[in-house]
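Visitor: I would like a close look at one part of this model, followed outward into the parts that can be described alongside it. Please take it slowly and keep the account connected.

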Amino acid sequence: MLTEFNNHFILISGESGAGKTEASKKIQQYYAVSCPSTTSMNTVRDKMLMSNPVLEAFGNAKTLKNDNSSRFGKYMDIQFDRQGDAVGGHILNYLLEKSRVVHQNHGERNFHVFYQLVEGGSDDLLKQLGLERDVQHYYYLTQGECAIVSSINDKNDWKSVKNALQVIEFDKNNTNHLFRVVASVLHLGNVHFDADSKGHVLLKNNTELNWFSDLLGVDANNLKEGLTFRKIETKTEQVLSPFTIDHAIYVRDALAKAIYGQTFTWLVNRINESMENKDSSRKTVIGLLDIYGFEVFYVNSFEQFCINYCNEKLQQLFIQLTLKAEQEEYEAEGIEWEPVQFFNNKIICDLVEEKHRGIISILDEECLRPGDATDLTFLERLEEKMGNHPHFVTHRLADNVTRKTLERGDFRLLHYTGEVTYCV
């Protein structure tokens, strides 16, 4: 970078649990050790390194593949001046797996920060937040039935996170707000519903709701109305229509996911503010991309579909930039060489993203069209459009042997790394 004064880019790929996040931390540590040491450099360097424990607490979780799996994609660029001092940094985050806030598969946990707060927070802090020192007490923390894991020390990790927040210049006020939001999500998860004789929803008790409204500073009555009624506005009046239990749970969970997602984005913005480079002279940049690994779980949902599609696109980019372009250059220059066989996965990328024909376009159309659109009508549309595709198969399209391994609501894609069965 210094010799040619141009920008560089490091792309880290591999399946879930391969060690991508650890590799990206090692690269950051290498910059920290090998760059010239100046005061401004030390502050940027410290903030860069200390952003890791905070982002991991809020964005990583235990999965079946990995006890510290990144549940978001991260692109970090580090800016250097002409001497090679790191003078600033910026983080882009995308695809946070918000569904994990409200549901975890068996053997998996929610995001680390919830367990760290309950296990590591001081008695005084827990009292202020209305929390008990018992993770089993919280519905959002126990669905995977493995809240306590021997390989994870939530108490120690809590200390590291608090220390890191100070380094990246979070004042006491902001830190308190952050913990209040985390606690509010736990209280919201414990809001349970009953039904009256007509099937309309009732709130079981108001204690958790009052804690939630108090921590976020919102009106408890408005909140109660929002969780139990749908508001229909006409030109002349507002009509309140009561929810069923299923609807109320859906709304509660949607609110929890939205709050957590907004908080994560706010957190990344605050880290960026603290690492921002104030000098406007020309800088060179080294970018570092640490994304989700390719995933195959027992049940693969829309999140896994997006993650694996993202990996397909990266693989396509990698093939085009390295193998394809290099080999064409060898041919053009008449250099003798052994051709490297590679699978051009454009066929799979097109299957997902092609306009009016790809899976995402069909999903968009099915969500927008009038009439009764369901999971199964979506599946039928996929079968209509892609019945002959060599990388797509469903229960109806499969042969007898394959059919036994597919449920009626599944479709299977043959990705470049292997087969994945998705549930519509």
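In what sense do strand 12 and strand 13 pair, and over how many bridges?

Guide: The model is a predicted one, and what follows should be read with that in mind. Strand 12, which covers residues 410-414, pairs with strand 13 in the antiparallel sense, and the pairing extends over 5 bridges. One position in this ladder can be picked out by name, since Leu 414 stands opposite Glu 419 of strand 13. The two strands belong to an open sheet of 3 strands, whose order is 11-12-13 and whose pairing is antiparallel. Strand 11 (392-394) and strand 13 (419-423) are at the edges of this sheet, and because each has a single partner strand, one side of each is left without a neighbour in the sheet. From one strand to the next, the twist averages 25°. Helix 13, made of residues 375-386, lies across strand 11 and strand 12, and its direction is at about 135° to that of strand 11.

From the sheet one can move to the nonpolar cores. In general, nonpolar side chains tend to be buried together in soluble globular proteins. In this model the largest nonpolar core has 69 residues, and the residues with the most contacts inside it are Phe 58, Phe 114 and Leu 117. Helix 9, spanning residues 245-275, gives the most to this core, with 9 residues. Apart from the largest core lies another, of 16 residues, which includes Phe 294, Ile 359, Leu 379 and Val 420. Returning to Phe 58, and setting aside residues up to four places away in sequence, one finds that Phe 58 touches Phe 111, Val 113, Leu 178, Val 182, Tyr 260, Phe 264 and Leu 267.

His 112 lies in helix 3, which comprises residues 112-120. With a relative accessible area of 6%, His 112 falls under the 20% limit and is therefore buried. Once its neighbours within four places in sequence are left aside, the contacts of His 112 include Glu 56, Ala 57, Asn 60, Asp 67 and Ile 152.

A second set of paired strands centres on strand 4, residues 73-80. Of its 8 residues 7 are buried, so strand 4 is largely enclosed by the rest of the structure. Strand 4 is joined by 8 bridges to strand 5 (residues 86-94), the two running antiparallel, and Gly 73 stands opposite Tyr 94 in strand 5. The hairpin formed by strand 4 and strand 5 has 5 residues between the strands, and there Gly 84 takes a positive phi near 90°. Strand 4 is also joined to strand 10 (residues 284-290), again in an antiparallel arrangement, by 7 bridges; in strand 10, Leu 289 is the bridge partner of Tyr 75.

The cysteines can be treated briefly, as the structure holds 0 disulfides. Cys 349 is in no disulfide, the nearest cysteine sulfur being that of Cys 310, 10 Å away. Cys 349 is buried, with a relative accessible area of 0%, and Cys 146 also counts as buried, at 17% relative accessibility.

Finally, Phe 318 has its place in helix 10, residues 302-332, and at 43% relative accessibility it counts as partly exposed. Although Phe 318 and Ser 13 are 305 residues apart along the chain, their C-alpha atoms are separated by 10.0 Å.

Key: Residues numbered from 1 in each chain as written. Predicted model: local features only at pLDDT ≥ 70, side-chain atom pairs only at ≥ 80, totals over all residues. Heavy atoms only, no water. Pairing = 2+ DSSP bridges. Helix = DSSP H or I, 4+ residues; strand = E, 2+ residues; numbered from the N terminus. Axes fitted to C-alpha atoms, helices over the stretch in contact; angles between N-to-C directions. Contact = heavy atoms within 4.5 Å. Buried < 20%, exposed > 50% of the residue type's maximum accessible area, 1.4 Å probe, protein only. Disulfide = S-S within 2.5 Å. Core = buried A, V, L, I, M, F, W, Y, C linked by side-chain atoms within 4.5 Å.
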